[in-house]
Amino acid sequence: MTRIAEIPAYFDDKSFDHFAQGFGEWPPEERVLFDARAATWASPYGLVGMLTAAQALREAHREKPLFTVPANAEVGRYWARTGFFKHAADLFEIHGKVPRVPTNEDSDQLLDITPVGASEDVHQVVGRIQERAARMLSHELGLEAKATMGFAMALSEACQNIVEHAGTSGWVAVHLYNFRKRLGRRVIVIAVSDAGLGFRRSLEATQAKRFGDRWGDAAALEAALIQGVSRFRDPGRGQGLAGIKRYLSRWDGKISIRSGTARLSIVPQWDDDVPLAEHLPYFPGSQLQVVIPAQEGGAR
Amino acid sequence: MIQTIPLGRALQETVATPYRDLVTRPTGVAVRGYIQRAIAGSSAPTTMLDFTEVGLLDFSCADEIVAKLLLDTDPGTDRYVMLLGTREDHTEAIDHVLNHHALAIAVVTDPDEPPQLLGRVTPELVRVFHCVFRVGPGDAGSIAETLGWTLERAADALLTLSLLRLLRAEAGTFHPLPR
């Protein structure tokens, strides 16, 4: 028996729940086929989500999942340029023609899909991205030069959540694209995903009692993102997400974290997302997305 | 006497990275260890942490290096830490983490100007700190007179500044930190 997890045609944070639903009870007993044939576009959030699902299946000792490549060759080439197939080759049994395309330094990818598992990886990510981030944030989004350092800081803190809390490795990608449907402006999107403990399990020992009957994925996200709570008793912890929020409030950005069956977002005026979504289809680990929009009048 | 520690060099000597960024907690822990060993091995009362060669400083690393260094300092010792060569984004991260812990630190910007204070400092404390920098060492009475304050108000502010290790207290007299 094979279970089919359909990759949404337009795969972003909004259609992610449809993707998660495809797995049913986690971990699925059957071998899973990730069917991407009908895919026409995927955000970095969607791309790292697929790798996370495959990694979680591997860590649950399930059979290597199958993957069918997008039928649209241009979509396949784009995914190849993001580094998706390079990492997918290890995690999936791939069916279909995988385009051989080098990652393109002049593309809209600020950071191709990169594994994060240790502190050194965060150094690499932050070190590699700064020059291009400076150029894109000022030229493409119309942000002031000082926004670059805050952006790299936010990226660093987002990646460190994996190193510090996930208990396994994860993935990060940063892309620039046109947020035509929701905003009508260009945005930079940071997507970070891991197949690890998730916020509820990470915080359970120190926070479950405090929340009582309310304890669950949503309460854990609230504790971490809104209250700045960390699983560590060290009083200096919990400042990473606070720092990201501070940066985003300055540049009208959005942060959204999905873990288990809940997603909590700090929603700027330009977006119509709900702040808290509960009872979602379960998905392993944690998925974080940060969106920084072009300043009005600053987008190309 | 002052000891200056270039944090760019501290990073290169503690973490195998080709980059100049102070990011992640493990990096911060390693660099703080380097600083603490340097302080322990020196007789200089003031240590200046020089950020000139530092690229990015994230909140986690700022917390491990600056906040925890201050928290770990034995209040009984006559040792002080100041900062040098910070950029706006560095001071923002440091200010954020020091506020979180109710700590403060002085940043030397211009030799002729009072250092900039970061962290949990009120405008009243800043005023007293600037006063001591401009008029030199003094007791609560002389500072109160200079500022036109009551003795208690000046004494409270001076004591708080010395507890934050922004001034050096010696036999009732409050001194600017040696720079």
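Which helices and strands of chain A are included in what covers the buried residues of H8(A)? The model is predicted, so local features are reported at pLDDT of at least 70 and side-chain atom pairs at pLDDT 80 or more, whereas totals for chains, interfaces and linings use all residues. Residues are numbered from 1 along each chain as its sequence is written, chains are lettered from A and ligands numbered from 1 in the order in which they are written, and side-chain values use heavy atoms, with hydrogens and water left out.

Helix H8 of chain A spans residues 217-226, and 8 of its 10 residues are buried, so the helix is largely enclosed by the rest of the structure. Buried denotes under 20% relative accessible area, exposed over 50%, and partly exposed the range in between (1.4 Å probe, protein chains only). The buried positions are A:Asp217, A:Ala218, A:Ala219, A:Ala220, A:Leu221, A:Ala223, A:Ala224 and A:Leu225. Their cover includes helices H7 (198-211) and H9 (239-250) of chain A, together with strands E10 (254-260), E11 (262-266) and E12 (276-277) of that chain. Contact is defined by heavy atoms within 4.5 Å. Just after H8(A), A:Gly228 adopts a positive phi of about 70°.

Chain A as a whole contains 9 helices and 13 strands. These elements are DSSP runs (helices: H or I, at least four residues; strands: E, at least two), numbered from the N terminus. The radius of gyration of chain A is 18 Å, which agrees with the value near 19 Å for a compact globule of 300 residues. This radius is taken over C-alpha atoms, and the globule rule is 2.2 Å times the number of residues to the power 0.38. Along the principal axes, the C-alpha atoms of chain A fill a box of roughly 50 × 50 × 35 Å. Of its 300 residues, 62% count as buried. Among contacts in chain A between residues at least 6 apart in sequence, 69% join residues at least 24 apart. Chain A exposes about 12,300 Å², of which carbon and sulfur atoms supply 48%; accessible areas come from the Shrake-Rupley method with a 1.4 Å probe, and for residues only the protein chains shown count as cover.

A:Gln124 is located in helix H5 (residues 119-139) of chain A. Its relative accessibility is 37%, and A:Gln124 therefore counts as partly exposed. A:Gln124 and A:Ala60 are separated by 64 residues in sequence and by 29 Å in space, C-alpha to C-alpha.

Chain B comprises 7 helices and 7 strands, arranged from the N terminus on as β-α-α-β-α-β-α-β-β-α-α-α-β-β. Its radius of gyration of 16 Å is close to the 16 Å given by the globule rule for 179 residues, so chain B is as compact as a globular protein of that length. The C-alpha atoms of chain B occupy a box of roughly 55 × 30 × 30 Å along the principal axes. Buried residues make up 54% of the 179 in chain B. Of the contacts in chain B with a separation of 6 or more, 66% are between residues 24 or more positions apart. The exposed area of chain B is about 7,700 Å², with 53% supplied by carbon and sulfur atoms.

Chain B is divided into domain 1 (1-120) and domain 2 (121-179), with bounds from an automatic or database domain assignment. The C-alpha centres of domain 1 and domain 2 of chain B lie 24 Å apart. Contacts link 27 residues of domain 1 of chain B with 15 residues of domain 2 of chain B.
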